[in-house]
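Biologist: I'm more at home with gels than with coordinates. Could you walk me through how to read a structure, one feature at a time?

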Amino acid sequence: MGGPCELKEAPAALFGGIRVAPDGTKFVFLHNTDAKQPLKGKTTLLPGHQGAQAAPMFNINQHGEKVFIAEAEGAADPVVTADPVEVAYDLPALGSAVLVIPAGKQAAQGTWWPKEQQRAVRPARQPQPVRIASVWKKEDDCSKAQWVSTPRLASLSDLGVNDFRYSLYRTRVSLSARQVHDERFLLFNMFTRDIVSVAVNGQPAPRLFPDKADAQTWTTRNCFERIRPDEYDNRFDVSGLLKEGDNEIQVVYENLGHAHGYFPMEELAGIREAGLSVSESALTHPLEWECATDVAGITQGWHLPQAVTDGWQQVTLETGSALPRQGNDIQPKAVPDGLFTWYRAEFDLPASKGTDLMPWLLRILASGNGYMWLNGHNIGRHWQAGPQREYYLPECWLHFGGRNVLVLGLRQTADGASIQAMEVAPYPID
């Protein structure tokens, strides 16, 4: 129990509170709300009392409107029974600290957290970066995925997916010559504003909308509006890709995660309904879909270091020029030739003394969105859009003095999924 407290003889920028654990341990929280000035001094926290709200407080609702937050009635009522606590504080701008006081002890016997961490001593001579000269490449084999029939209007959560992985959808449909001629559009009605890429009979389908399908701009577009049942927020031109008779449409679904705030945080993920149409504005031929909750490479273990590269293509990378540490619009441009592409790189690290105390990074110049795995451990997303070109490689998962395996699974964007150059290097001292 506990909460915010009144602070005696404290500057207005200092905020604090106390919580008391069932065993009597007290946790004193202090925060400097000043973005420019540090704070240092002494104050007494009065549990059960909270000073009057000094200035109006506002929030932003789902319509982008500023909303006044009224002060709660009875805020001065006691919320915890405890003696006043006098503390000395020394906080940087926007700094926070927690004083942990054991049960039955005085504030002077408590311990402030966080403590200053001991800096690791780097070797006097840093190891050289490891430039990766070639990688193995293979397209995801959708036929090897674990497919299940998907009921109409079923979300990914209904299928047991509550994280932000890549998933697959597919449908098989037999068309007449008239349908091939008339049904020139493929429309998707989504639960949330995620991105899909499409291949029709093995050929990538040109995207009509959104015109810029990347992680930076699309999730914030109209993010305060729910997707209507008649709104098709991923649309493709399939003219020339369909044929009379049997057709197969494959889809890779990129779960971008929730845009911040209100409606988007409440939305499910997945494809609500999709099918062919004679126009971009209405779905005239709904299709029945199957779903694989993981891409086939995950099912086959391609992200694991013990995976076999039989049937993979070796691709030579550029090694003659320096790799930029950051930058946007410098990524390689390629023509999409699939949906989801896998890359596997192998490299050795030195076993010299002290190497494992040094942080290492991956520096990469590539197109495509996806995930990365270091020796079988997921180390996060690779985004094509944005300035980030360096990714942290946790030392606990690196093999010093041995072989390391780095795997990337990338959804092809309008620029394909291509790696131009990559290296593994110690983090610069600066």
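Modeller: Sure, let's start with a charged pair: the side chains of R228 and E231 meet in a salt bridge, 3.8 Å from N to O. Keep in mind that this is a predicted model.

Biologist: Are R228 and E231 buried or exposed?

Modeller: They fall into separate classes. R228 has a relative accessible area of 44%, which makes it partly exposed. E231 is at 14% and counts as buried, because the cut-off for buried is under 20%.

Biologist: How many salt bridges are there by this rule?

Modeller: The count comes to 21. One of them joins R363 to E423, with the closest N and O atoms 2.5 Å apart. That pair links distant parts of the chain: R363 sits in strand β26 (residues 360-366) and E423 in strand β31 (residues 419-426), 60 residues apart. Both R363 and E423 are buried.

Biologist: Which residues do salt bridges with shared partners join into one network?

Modeller: R170, R172, E248 and E290. Take E290 and R172, whose side chains meet at 3.9 Å, N to O. E290 is in strand β23 (residues 290-292) and R172 in strand β14 (residues 166-175), and 118 residues separate the two. E290 is partly exposed at 24% relative accessible area, while R172, at 53%, counts as exposed.

Biologist: Now rings. How do I read an aromatic pair?

Modeller: You describe the two rings by the distance of their centres and the angle of their planes. A search of the whole structure here finds 12 such pairs. Among them, Y166 and F340 are tilted, 5.4 Å centre to centre with 55° between the planes. Y166 lies in strand β14 and F340 in strand β25 (residues 340-348), so this pair ties together parts that are 174 residues apart in sequence. Y166 and F340 are both buried.

Biologist: Which residues do ring pairs link into a cluster?

Modeller: Y166, W302, W312, F340, W342, Y371 and W373. There's also a charge over a ring to look at: the charged end of K115 sits over the ring of W113, 4.8 Å from its centre.

Biologist: And strands? What should I look for there?

Modeller: Strands of a sheet pair through backbone hydrogen bonds, either parallel or antiparallel. In this model, strand β1 (residues 2-4) pairs with β3 in the antiparallel sense over three bridges, and P4 has G17 in β3 as its bridge partner. On to strand β4 (residues 26-32): seven bridges join it to β3, again antiparallel. Here V20 is partnered by K26 in β4.

Biologist: How many residues lie between the strands in the hairpin of β3 and β4?

Modeller: Five, and in that hairpin G24 takes a positive phi near 95°. As for strand β3 itself (residues 14-20), five of its seven residues are buried, so β3 is largely enclosed by the rest of the structure.

Biologist: What is the strand order in the open sheet of five strands?

Modeller: β18-β19-β15-β21-β22, with antiparallel pairing. β18 (207-209) and β22 (285-286) stand at the edges with a single partner strand each, so one side of each is left without a neighbour in the sheet. For a look at one edge, find strand β21 (residues 271-277), which two bridges join to β22. There, L276 stands opposite H285 in β22.

Methods:
Residues are numbered from 1 along each chain as its sequence is written. This is a predicted model: local features need pLDDT of at least 70, side-chain atom pairs count only at pLDDT 80 or more; totals for chains, interfaces and linings use all residues. Side-chain values use heavy atoms; hydrogens and water are left out. Two strands pair if DSSP finds at least two bridges between them. Helices (H or I, at least four residues) and strands (E, at least two) are DSSP runs, numbered from the N terminus. Buried means under 20% relative accessible area, exposed over 50%, partly exposed in between (1.4 Å probe, protein chains only). A salt bridge is a side-chain nitrogen of Lys or Arg within 4 Å of a carboxyl oxygen of Asp or Glu. Rings of Phe, Tyr and Trp (its six-membered ring) pair if their centres lie within 6.5 Å; planes under 30 degrees apart count as stacked, over 60 as edge-to-face and the rest as tilted. A charge sits over a ring if NZ of Lys or CZ of Arg is within 6 Å of the ring centre and within 35 degrees of the ring normal.
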